[in-house]
Amino acid sequence: MPYLQTGRDKLKYLAAAVVVLAAVTGAALLFLNRAPEEYRREEYALGTIVRLSVWSKDEGQADAALANTAAAIARYESLFSANIASSDVSRANSAVGRDARVSAETAELMSKAIEIANMTGGAFDPAIGAVVKLWGIGTDRARVPADTEIAAALKEVNYKKIKTEHRGEKYLLSSGNGQKIDLGGIAKGYIADRLAELLRSEGIKSAIVDLGGNLEVVGSQPKGRPWRLGIQDPLKPRGEYFAVADVTDSSVVTSGPYERYFEKDGVRYHHIFDPSTGRPATSDLSSVTIIDRDSAMADALCTALFVMGRRRAEEFLRAHRELHSVLLTDDGKVYITGNLKEVLSLKDASKKMITIEGTER
Ligand code: AMP
Ligand code: MG
C-alpha cells in the first residue's frame with residue numbers, strides 16, 4: 001500500500017525535508033557570503049580599446065551584462081559614427097537642406113551637444129566635421145591642408161544651423177546647409193552614461209567602463225570603498241597616472257592632444273580643433289579632466305576647456321562652480337577646482353597642485 005504512511009515513514013520524510021532545507025539554506029548563505037568576482041571583456045570599438053569590468057557573485061549575470069553592454073556599444077557606434085555611411089549622423093550630414101529621421105538617442109545626444117556648444121560660446125562645436133575630415137588626424141590620410149582649404153571648411157562650422165525636432169513618434173535632425181556634424185568629442189561620454197544605466201538595470205552594483213579617455217564607474221568597489229581612478233600622464237605610456245581620484249557612481253573624462261596626433265616637419269598636429277581657426281587648438285594645457293556623474297557633459301566640456309586654454313578655462317570654472325576639474329599645464333602644474341581637494345591625490349611628486357582662484361569653497 002504505497003500511499004499509507006506509517007509514523008516511521010513520516011519521521012523519515014521529516015528528516016529528509018530538514019536535510020534538504022539545511023542544504024538549500026547553506027547554499028544560499030554560501031552564495032550570499034561569497035565575494036563578488038570580477039568579470040572582464042575587452043574589445044576594439046569607438047576607435048579605441050574598450051575595457052569593461054563588472055563584479056558579480058553570479059557568472060551568468062556577469063556574462064549577460066557584459067554581452068549586453070558590448071552589443072549596446074556596437075549599436076551606439078552604428079548610430080553616432082561620422083565614419084559609418086548608414087549612421088544617423090552620416091545620413092543627417094548627407095541630407096543637405098532636409099531632415100533625416102534619427103533615433104531618440106541621436107536626437108538626445110545632439111541636443112546635449114548643442115546645449116554645451118552654447119554654454120562654451122562655441123569652443124565645443126559639434127558641427128566641426130568638415131575640419132575634422134579635412135585634416136584626417138588619426139587616419140592614414142592625415143595631412144596639413146592649405147589655408148584656402150581650411151577657410152572653406154571653416155565656413156561649414158556652425159552648430160547654430162543644426163536643428164533637432166521631435167514630432168510625434170519621430171525624431172528629426174537637420175544639419176542645415178552643408179554643416180557636417182561630428183560627435184567625436186561627446187559621444188563616448190554619452191555612451192558611457194547609457195552603459196552605466198544599462199549595467200545598473202541588470203542588477204550590477206560595481207563596474208568600470210573604460211572607453212579610452214572616458215572612464216565611468218557604477219557604484220563603489222565591492223567592499224564599499226570608492227573607486228580609485230587614475231588620470232593619464234600625457235608624457236607617459238597609457239596606464240601611467242599623474243593623479244588619482246576617489247569616486248563612486250561618477251565619471252572621469254580627460255581630453256588632451258596626446259591622444260591622437262601626427263607630426264610633420266617637427267610640428268605636432270593634434271585632433272582637438274579650435275572652431276574659430278580650423279586648426280589644432282594652440283593651448284597652454286596638456287590635458288583637461290572633468291569629474292562628473294554626467295559623462296556626456298564632462299566629455300564635451302573637457303574638449304571645450306582644452307580649446308579655451310588655461311585662463312579662459314579658469315574663468316569658465318569660476319562661473320560654473322558646480323564643476324570638478326583638473327587642468328594640467330605644459331609646464332607640469334596641476335590646477336584644480338577647490339571641490340577636488342579631498343578627492344584627488346597627486347602621484348607625481350615633481351608636479352605642483354594649485355587651487356584655481358575663486359573656486360575655493
Ligand atoms: P575628445 O577626445 O573628447 O577631446 O574629442 C576630440 C574629438 O572631438 C575629435 O577627434 C573630433 O572628432 C572632435 N572635435 C575636435 N575638436 C572639437 C571641437 N572644438 N568641438 C567639438 N568637437 C571637436
Ligand atoms: Mg571630449
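In this predicted model, helix 2 (residues 59-80) lies across strand 1, strand 2 (48-56) and strand 6 (206-211). Its direction runs at about 20 degrees to that of strand 1. Those strands belong to an open sheet of nine, and helix 2 also packs with helix 4 (residues 104-119). Here is a quick tour of both settings.

**The sheet**
- The nine strands follow the order 1-2-6-7-10-15-16-17-19, with mixed pairing.
- Strand 1 (37-45) and strand 19 (352-355) are the edge strands; each has a single partner, so one side of each is left without a neighbour in the sheet.
- On average, neighbouring strands are turned by 15 degrees against each other, direction ignored.

**Strands 16 and 17, and the helix that touches them**
- Strand 16 (residues 324-329) pairs with strand 17 (residues 333-336) in the antiparallel sense, over three bridges.
- Within this pairing, Leu-328 stands opposite Val-334 of strand 17.
- Helix 8 (residues 295-319) packs on the sheet and touches strand 7 (214-218), strand 10 (251-255), strand 15 (285-292), strand 16 and strand 17.
- The direction of helix 8 makes about 130 degrees with that of strand 15.

**Helix 2 against helix 4**
- The two helices pack at an angle of about 65 degrees, and their axes are 10 Å apart.
- Angles of 65 to 115 degrees count as roughly perpendicular, and helix 2 and helix 4 are therefore roughly perpendicular to each other.
- Their crossing is right-handed.
- From helix 2, Arg-75, Tyr-76, Leu-79 and Phe-80 meet Glu-105, Thr-106 and Leu-109 of helix 4.
- By class, this contact holds four nonpolar, one polar and two charged residues.

Notes: Residues numbered from 1 in each chain as written. Chains lettered and ligands numbered in written order. Predicted model: local features only at pLDDT ≥ 70, side-chain atom pairs only at ≥ 80, totals over all residues. Heavy atoms only, no water. Pairing = 2+ DSSP bridges. Helix = DSSP H or I, 4+ residues; strand = E, 2+ residues; numbered from the N terminus. Axes fitted to C-alpha atoms, helices over the stretch in contact; angles between N-to-C directions. Contact = heavy atoms within 4.5 Å. Parallel < 35°, antiparallel > 145°, perpendicular 65-115°, else oblique. Left-handed = near helix turned anticlockwise from the far one by under 90°. Nonpolar A, V, L, I, M, F, W, Y, C, P; charged D, E, K, R; others polar.
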